[in-house]
Structure formats: structure tokens, C-alpha cells
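Please read these points with the model open beside you. They go through the ligand site, the charged pairs, the backbone and the aromatic rings.

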Amino acid sequence: MRTCGTTSVSAPGSDVLVIGGGVIGLVTAWRAAQRGMDVTVADPDPGGGAAGVAAGMLAAVTELHYGEETLLGLNLASAHRYPAFVAELEEASGRDTGFRACGTLAVALDSDDRAHLRELHALQGRSGLESAWLSGRECRRLEPMLAPGVRGGLRVDGDHQVDPRRLAAALLTACERAGVTLLRTEARRLSVDGGRAAGALLGDGTEFAADRVVLAAGSLSGRLAGLPPEAVPPVRPVKGQVLRLTVPPARAPFLSRTVRAVVRGGHVYLVPRENGELVVGATSEELGWDTTVTAGGVYELLRDAHELVPGITELPLTETRAGLRPASPDNAPLLGPTALPGLLLATGHHRNGVLLTPVTGDAMAQVLATGELPEVARPFTPDRFAPASAAPVPQEQPV
Ligand SMILES: Cc1cc2nc3c(=O)[nH]c(=O)nc-3n(C[C@H](O)[C@H](O)[C@H](O)COP(=O)(O)OP(=O)(O)OC[C@H]3O[C@@H](n4cnc5c(N)ncnc54)[C@H](O)[C@@H]3O)c2cc1C
């Protein structure tokens with residue numbers, strides 16, 4: 001509890017209120033608490049969100065897309081932080097994150113796929129990234145379960161994986177141990193007082209006061225009531241369906257690294273965990289907040305994964321789920337201050353939110369502590385989407 005403003009009424013509050021306890025909200029809270037801030041997270045289901053569905057590929061190199069070279073810098077900065085980040089988080093939480101430095105193999109099934117992969121290889125080379133071109137035979141030597149028809153592939157030794165569910169659970173424990181207050185309730189409305197964010201009205205009817213509010217509500221970030229129009233983040237949900245299969249001990253190791261391909265224009269990947277789980281994903285669908293698992297989605301994933309690795313049809317299918325990626329117009333996150341003083345964003349991480357967890361935590365803690373984002377995060381401020389009319393008006397020059 002703290003005393004708010006000049007009134008003598010004691011209201012619940014803290015330095016920082018984080019709305020949303022997915023991996024992005026939790027890492028922000030943990031890092032801010034480590035810097036001595038008094039932090040509260042509001043979320044009806046902290047540690048859930050998209051990380052409950054995500055595959056956990058840390059794919060800075062294999063996810064490189066034309067036009068996303070700026071995002072590449074942030075992705076690489078986060079990928080490089082991962083080993084030290086998980087070591088610190090595991091120490092702080094006493095929990096395993098399932099981080100696995102296993103690398104990735106991106107393969108081609110026909111000549112069109114091979115041409116596409118060759119282009120990706122050239123782009124990676126121009127961007128100074130390490131990847132090695134392999135023949136189909138070399139791919140199968142690395143991964144004997146691959147289909148005989150695989151025509152070639154790219155070996156990317158630096159694209160690893162983490163288990164997003166364990167990562168979220170570890171962040172939750174680390175937050176608790178660092179003194180973060182977890183309120184298992186939603187933020188219903190942002191409170192604005194004197195032209196600045198001042199906290200939020202919570203689901204239980206409490207007015208919670210805070211000096212700064214970080215909006216990290218994933219795909220729901222733009223739906224929070226009370227946001228002034230100029231501070232509404234342009235974030236939308238992109239649905240992804242994912243399957244989980246189990247590799248029985250007698251069939252292990254089924255795959256030793258992440259295997260991925262573009263089949264009929266759609267991306268399919270298989271991510272093998274050390275505990276025998278094999279994640280097969282993912283669809284990409286613009287269907288609003290729908291999270292139905294459909295027969296068509298499951299069929300397409302199994303069909304495409306089967307073309308890559310025929311043996312998967314013998315494995316038990318243990319789970320089917322759909323989740324929502326928080327996507328922004330340029331596929332990059334929105335980090336830092338908004339047009340509303342006191343309100344910051346940490347959202348829009350789209351298909352790379354697990355990868356971007358370490359760098360986001362560092363960037364958000366720094367901007368909360370000093371008012372300045374680190375260099376690597378500066379291209380991702382929310383004002384890049386501000387309408388021209390909202391841009392600062394240039395000073396009149398004397399004629
Ligand atoms: C199918 C799929 C596969 C993916 N694969 C990968 C991958 O391989 N690698 C990778 O890096 N990323 C992957 N991602 C992306 C990654 O999962 C997301 O970018 C990341 O989890 C987003 O985290 P977040 O905390 O921003 O949002 P979320 O995980 O959506 O969390 C938002 C939280 O906010 C809470 N919330 C919402 N509204 C409110 C409110 N009003 N008040 C309080 N709380 C609220 C929700 O309960 C939720 O817990 C994948 C995503 C999907 C769906």
C-alpha cells in the first residue's frame with residue numbers, strides 16, 4: 001500500500017504496474033524489480049498467454065525475412081543473450097527452462113523450395129549470418145528420419161530452442177522471489193489523471209495507482225479501455241495452431257535439432273525437446289480472437305510434417321492447441337514510451353516473443369529506470385506508427 005497524491009486515503013499502488021503477465025510482462029517486471037523498483041503485475045492468468053502454445057524456436061537466422069533487417073538486429077541481440085539469461089533465470093527461480101543449444105536445419109522438398117532456401121542463404125550471407133548449405137544426403141546424415149526426397153538444406157548452428165511453458169513458469173517464480181506483487185485479476189480500464197497514466201481499475205473494482213504503467217497484454221493490448229486514441233497500440237491477433245506429439249524412449253533420438261521447411265507456401269517445423277515432446281507447428285491465420293483448433297489446421301500440419309519426416313505418424317498425438325501472436329504492422333515489437341506520459345508499451349512481438357524475451361526485459365527495465373531505451377531498442381518505439389498529424393510540429397523559422 002502507498003499513499004497516493006496529496007489525499008490522506010491509502011490506496012493500493014506501486015512504482016510500476018505491468019498489465020499482462022505473459023513472458024513479456026513477466027520479464028519486464030522481473031528486470032525492473034531487480035533494479036529496485038516496486039512492481040505489480042495484473043493478469044488473471046499470469047504465466048499463460050501465447051507462451052503456453054509457442055514452439056520456442058530462437059530462430060534469429062532462419063526467421064530472417066526480406067525487409068526485416070532492423071528487426072534482425074534486435075533478434076540477434078536477444079539470441080546472444082539467451083545462454084546467460086537462462087542461466088541467471090534458472091538460478092533465480094530454481095527451475096529448468098528447457099533451453100537447448102541444438103541448432104536448426106531448414107530443408108527443401110522440391111526445386112522451388114530449394115531456390116527459396118538458396119535465396120535465404122544468400123540474404124543470410126549478405127547480413128553476416130552463419131549458415132551452411134548441405135546436400136539432401138548431408139541433411140539425412142544429420143537427421144536420418146528425414147524423407148528421402150529432401151533436396152538440400154541450410155544448417156544453422158546458432159538457432160536454438162527453449163520450452164516457453166517452462167520459461168514462463170521460471171519467470172513467474174523469479175518475479176515472486178524478486179518481490180514483484182502478482183494480482184490475479186484483469187485491468188479493466190487505464191486510469192488517466194492530469195494528462196498522464198496513473199494506474200488502472202482492476203477486475204475486482206480496486207483503483208490501483210502507479211507512477212508508470214507498462215501495457216504488455218499481448219494481442220489484447222489495443223483493447224484496454226481508457227487508452228487515449230493516440231496511445232492505442234496497433235496490435236492484432238494472428239492465430240497459430242500447434243500439435244504436440246510424444247517420442248517414446250525406444251524411438252529416441254527421433255530428431256536431434258529443430259527441422260523446418262516451407263511446404264506448399266506454408267511454414268512447418270518440428271521442435272524436439274529433451275523430454276521427448278515433439279512440437280509441430282504452426283498455422284498462421286488472421287481470424288481475430290478465435291482460438292478453435294480445427295480439423296483442417298491439424299490435417300495440414302500433419303500432412304506437411306509427414307512429408308518432411310514420414311515417421312511422425314507413428315507417434316502418439318498428445319495435444320492440439322491454438323494461440324494468438326501479438327502482431328504489429330511491421331512484425332516488430334513496440335517498446336517504450338507512448339504519447340501518453342507515464343504509459344509504456346511492451347507488446348507486438350508477433351512470432352518472436354520468446355526469442356525477444358531477454359532483450360525486452362533489459363530494454364524495458366532501462367527505460368523505466370533512466371527514461372532512455374538502449375540503442376538496440378530505439379528503432380522500436382511506438383511513435384513510428386504515429387499519424388503524421390500527431391508528429392511534433394516543427395518550429396517556425398524566421399524568414
Ligand atoms: C502458435 C505460436 C507459435 C509461436 N512460436 C514461437 C517461437 O517458436 N518462437 C518465438 O520466439 N515466439 C513464438 N511465438 C510468439 C510468442 O509466443 C509471443 O510473441 C509471446 O508469447 C508474446 O508474449 P506476450 O507476453 O507479449 O503476450 P501474451 O503471451 O499474449 O500474454 C499477454 C498476457 O496479458 C494478459 N492480459 C490480456 N489482457 C489483459 C488485461 N486487460 N489485464 C490483465 N492482463 C491481461 C493475458 O492473460 C496474457 O497472460 C509463437 C506464438 C504462437 C501463437
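1. Ligand shell by element. Strand β18 gives the most to the shell around the ligand, with 4 residues. Helices (H or I, at least four residues) and strands (E, at least two) are DSSP runs, numbered from the N terminus. A residue is near the ligand if one of its heavy atoms lies within 4 Å of it. By that criterion 38 residues surround the ligand, and the closest are D43, A50, A187, H350 and L355.

2. Basis of the values. This is a predicted model, in which local features need pLDDT of at least 70 and side-chain atom pairs count only at pLDDT 80 or more, while totals for chains, interfaces and linings use all residues. Residues are numbered from 1 along each chain as its sequence is written, and side-chain values use heavy atoms, with hydrogens and water left out.

3. Ligand contacts and cover. Among the polar contacts (N or O atoms within 3.5 Å; within protein, one must be able to donate a hydrogen and the other to accept it, and residues adjacent in sequence count only if both atoms are side-chain atoms), three involve the backbone of A50, A187 and L355. A ligand nitrogen lies 2.8 Å from a polar backbone atom of A187. For A50, a backbone N or O atom is 2.8 Å from a ligand oxygen, and L355 likewise places a backbone N or O atom 2.8 Å from an oxygen of the ligand. The protein covers 93% of the 1,000 Å² of accessible area that the ligand has on its own; accessible areas come from the Shrake-Rupley method with a 1.4 Å probe, and for residues only the protein chains shown count as cover. Elements giving two or more residues to the shell are α1 (23–34), β14 (236–246) and β18 (317–327).

4. Shell composition. The shell has 21 nonpolar, 12 polar and 5 charged residues. Here Ala, Val, Leu, Ile, Met, Phe, Trp, Tyr, Cys and Pro count as nonpolar, Asp, Glu, Lys and Arg as charged, and the others, Gly among them, as polar.

5. Salt bridge E63 to R351. The structure holds 21 salt bridges, each a side-chain nitrogen of Lys or Arg within 4 Å of a carboxyl oxygen of Asp or Glu. In one of them, E63 and R351 bring their closest N and O atoms to 2.6 Å. E63 is in the loop between β5 (57–58) and α2 (69–93) and R351 in the loop between β20 (343–347) and α7 (357–370), so the pair ties together parts that are 288 residues apart in sequence. E63 is buried at 10% relative accessibility, whereas R351 is partly exposed at 25%. Buried means under 20% relative accessible area, exposed over 50%, and partly exposed in between (1.4 Å probe, protein chains only).

6. Other salt bridges. R81 and D362 form a salt bridge with the closest N and O atoms 2.7 Å apart. This pair links helix α2, which holds R81, to helix α7, which holds D362, across 281 residues. The side chains of R257 and E143 also meet in a salt bridge, at 2.8 Å from N to O, and both residues are buried. Shared partners join D96, D163, R166, R244, R273 and E277 into one salt-bridge network.

7. Backbone points to check. The peptide bond between A252 and P253 is cis, with omega about -10°, and P253 is in the loop between β14 and β15. Another cis bond runs from G281 to A282, with omega near -15°. H350 has phi near 50°, a positive value in a residue other than glycine; H350 is also buried, with a relative accessible area of 13%.

8. Aromatic pairs. How many aromatic pairs does a search of the whole structure find? The search finds 3. Rings of Phe, Tyr and Trp (its six-membered ring) pair if their centres lie within 6.5 Å; planes under 30 degrees apart count as stacked, over 60 as edge-to-face and the rest as tilted. W30 and F85 are edge-to-face, 6.1 Å centre to centre with 70° between the planes. W30 is in helix α1 and F85 in helix α2, 55 residues apart. W30 is buried at 1% relative accessible area, and F85 is buried at 2%. Y82 and F99 are stacked, at 6.0 Å and 10°. Ring pairs link W30, Y82, F85 and F99 into a cluster.
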